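Visitor: Please pick one part of this chain and go through it closely. Then place it in the rest of the fold.

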Amino acid sequence: MTPPTSEPTAPPRTIPIGATGVERLPDIDRVILPPGRGFPDLTTAMLRESLADLGPRFIEPASLDLLISFHTWIIRRGDRVMLVDLCIGDDKDRPNRPDWHRRSSDFLARLAQAGVRPEAVDIVMCTHLHADHVGWNTRLVNGRWVPTFPNARYLMAETEFRHWKERHAREGDALNHGSFADSVLPVVAFGQADMVATNHRVEAGLHLEGLPGHTPGTVLIHVEDDGAHGVFTGDVLHHPFQFAHPQMLSRYCEDPVLSARNRRALIERYADTRSRILTAHFPAPSTGFIVRDGNRFRFRFDPE
């Protein structure tokens, strides 16, 4: 990936799901992803078709590279604040990813500008435990990794945690670019992790649903409020071209075949419904609704 552009400073827009407010906060907002890196079967013809359909916000016209984003979601329900997917983080040793390596960003300052102090966060939820979804779980203080959100409970799907714990025992701290060691295990050591089932009710109107494939413990996060429904999809979807090609296998998935099957099932389930889809890597606005287009599907993005 090429170096990202600067993070925006405009305040995040609130997306209503009933009385629940959701806001998107970028960590790295525009990243060029060569399609062959993640999707070896994605052809030039498919990319040109996607460019014509999606435009230059999502496909770089000259190179036909994919454009993606890394962002966190802020959920506000009454006086409770929750975060979904904690992106890359700062100060992390990621020598194989120059755009992630030992970053120093203004993410926490922008979180504060959005009205969220680390001490005020009640719950942190990650759709899975890959490095680009757990980075801000921790921050470096006096040479030690500590939970960034000292009063939060960090919900982790037990299936997901056990999978990476077993691999960590075999592969060591280099696993997942080092993120299990520096962004997951410290939260457990501080006693702030709650291991839950992949199908888990967090509270009224908020629950997790297991949808494995990308990783064994990948979850969707559902918010329901006043008849409205939103689904945080994590890496079940990486890019909007996948609505036209949901069967496309991905190198990023632990079980690419199962992931493709469950992605197709999710798309079919929510096509032509009022369920808002909130994605982990689509560039802004990152949210919208799935619609059928003949025998295929497309994404109707929310206005910015």
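Guide: What follows starts with one pair of helices and moves outward from there. The model is predicted, so local features are described only where pLDDT is at least 70 and side-chain atom pairs only at pLDDT 80 or more, while totals for chains, interfaces and linings use all residues. Residues are numbered from 1 along each chain as its sequence is written, and side-chain values use heavy atoms, with hydrogens and water left out.

The part in question is the pair formed by helix α4, residues 158–171, and helix α5, residues 179–189. Helices here are DSSP runs of H or I with at least four residues, strands are runs of E with at least two, and both are numbered from the N terminus. The axes of α4 and α5 come within 12 Å and cross at roughly 120 degrees. Each axis is a line fitted to C-alpha atoms, for helices over the stretch in contact, and the angle runs from 0 to 180 degrees between N-to-C directions. The two helices are therefore oblique to each other; that word covers whatever is left once angles under 35 degrees are called roughly parallel, over 145 roughly antiparallel and 65 to 115 roughly perpendicular. The crossing of α4 and α5 is left-handed, a term for a near helix turned anticlockwise from the far one by less than a right angle, clockwise being right-handed.

On the α4 side, the residues in contact are Phe 161, Trp 164, Lys 165 and His 168, and they meet Phe 180, Ala 181, Val 184, Leu 185 and Val 188 of α5. Seven of the residues in this contact are nonpolar, one is polar and one is charged. In that count, Ala, Val, Leu, Ile, Met, Phe, Trp, Tyr, Cys and Pro are nonpolar, Asp, Glu, Lys and Arg are charged, and the others, Gly among them, are polar. Contact means heavy atoms within 4.5 Å.

Two further residues belong to this part of the chain. Glu 171 sits in α4 and is partly exposed, with a relative accessible area of 40%. Buried means under 20% relative accessible area, exposed over 50%, and partly exposed in between, with a 1.4 Å probe and protein chains only. From Glu 171 to Gly 36, 135 residues apart along the chain, the C-alpha separation is 26 Å. His 177 is in the loop between α4 and α5. Its phi is near 60 degrees, a positive value in a residue other than glycine, and His 177 counts as partly exposed at 33% relative accessibility.

The interior comes next. The largest nonpolar core has 43 residues, and those touching the most other members are Leu 66, Phe 70, Ile 74, Val 121, Val 124 and Phe 149. Such a core is a set of buried Ala, Val, Leu, Ile, Met, Phe, Trp, Tyr and Cys residues joined through side-chain atoms within 4.5 Å. Both α4 and α5 supply at least two residues of this core, as do β2 (20–33), β3 (66–77), β4 (80–84), α3 (107–113) and β8 (153–157). Leaving out residues up to four places away in sequence, Ile 74 touches ten residues' worth of neighbours that include Val 22, Leu 25, Val 81, Leu 83 and Leu 111. Another core, of 20 residues, lies apart from the largest one and includes Ile 17, Met 82, Met 125 and Phe 232.

Asp 85 also has a positive phi, near 65 degrees, in a residue other than glycine. Asp 85 is in the loop between β4 and α3 and is buried, with a relative accessible area of 3%.

Further along the chain, Val 236 is in the loop between β13 (228–232) and α6 (256–270). Val 236 counts as buried at 3% relative accessibility. Neighbours within four places aside, Val 236 is in contact with Leu 211, Thr 218, Leu 220, Arg 263 and Leu 266. Ser 259 lies in α6 and counts as buried at 3% relative accessibility. Ser 259 touches Pro 212, Gly 213, His 214 and Cys 253, again not counting residues up to four places away in sequence.

Last, a cis peptide bond joins Ala 284 and Pro 285, with omega about 15 degrees. Pro 285 is in the loop between β14 (276–278) and β15 (287–293).
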